[in-house]
Amino acid sequence: MARCGCVVLLLFLVIFTEVNCQQGGGDPEDPDNPHRDPSKCEICKFVAIEFQGMMDDTGKTKEVLQLGYRIDREVKKVPYKFSELRLIEAMEGVCERIMKYNIHAERKSSGRFAKGESETFKTLKGLVNKGVKVELGIPYNMWDEPSAPVHTLKKYCDAMIEEHEDAIEAWFRGDQEKTLINYLCAERVLSREEADCLQEEWTGVEKVEHNTENKEENETTEDSADAEDDSKKKKQAELDRQRIQREIERQAEQRQTQEEGDKDIEREQERDRRKREREMERRRREREDKDGKRKTEL
């Protein structure tokens, strides 16, 4: 029983570190809180990474689009790689890719935003698969839902795409020798003081170091695992469970509020998207008209 109590306590401590941000609490502006709001640097960095990723994914196709619908004009053929459609699809789809990110509380700095499962939830799911009952206060099938910081990152992604549309289009129509991170973030969006996260890369070793007191506490817990009288540990485990439950409820409320706000933003962005499409269509027609005039003059 004593060893079981120790396992439960350690399990709660792991969950509490992930969910309640052991070092930084729940303050979204605390620099030590892995669940803090994304910085301007992080927003631009991951928008650029995902946009560049879409360009890499769609740049391999050899599809050719046929443009023009007037009977008195030849159909214009444009490779999809250089088409307006490719740019529009990338602008509209890049922020949805952000929703595949998760918070990895064990990683330092901007490495906390990454795709895939965090080490903590991997461990928890492993325990569930072994038959251990893990109660987080939310259904198991919601464990993989994006957290509040990821929703916030997505919201700012939409805003950044809209605000810097012209710069992104200029990069797309240029030779693209520079990466979008350098062209957009380092040279246009961020000041030198704001651009510190652009050089950060996750190699597997940049992990958060917990303080010595936490290490000593865990070691003491492990050493006393075989003790018969484990009432203090059980009480502490119950306190941790209650704290975790409160934090989970707080995050659920925060997510609900965020989702309601996101719906309003999405409706506004849909109107902006249609406006942008009409503007791009107008530009395309102007270019076609110019091309037609040149051919007529020749």
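This dialogue goes through the disulfides of a predicted model.

Reader: What should I know about the model and its numbering before I begin?
Author: The model is predicted, so local features need pLDDT of at least 70 and side-chain atom pairs count only at pLDDT 80 or more, while totals for chains, interfaces and linings use all residues. Residues are numbered from 1 along each chain as its sequence is written, and side-chain values use heavy atoms, with hydrogens and water left out.

Reader: How many disulfides does a search of the whole structure find?
Author: In general, a disulfide is a covalent bond between the sulfur atoms of two cysteines. Here the term is given to a pair of cysteine sulfur atoms within 2.5 Å, and the search of the whole structure finds three.

Reader: Which parts of the chain does the pair of Cys44 and Cys185 tie together?
Author: Helices are DSSP runs of H or I with at least four residues, numbered from the N terminus. The sulfur atoms of Cys44 and Cys185 are 2.1 Å apart, and because Cys44 lies in helix α2 and Cys185 in helix α7, the pair ties together parts that are 141 residues apart in sequence.

Reader: Is Cys41 buried or exposed?
Author: Buried means under 20% relative accessible area, exposed over 50%, and partly exposed in between (1.4 Å probe, protein chains only). Cys41 is buried, as is Cys197, and a disulfide joins the two with an S to S distance of 2.0 Å.

Reader: Why is the disulfide of Cys95 and Cys157 left-handed?
Author: The torsion about the S-S bond of Cys95 and Cys157 is about -85°, so this disulfide is left-handed.

How values were computed:
Helix = DSSP H or I, 4+ residues; strand = E, 2+ residues; numbered from the N terminus.
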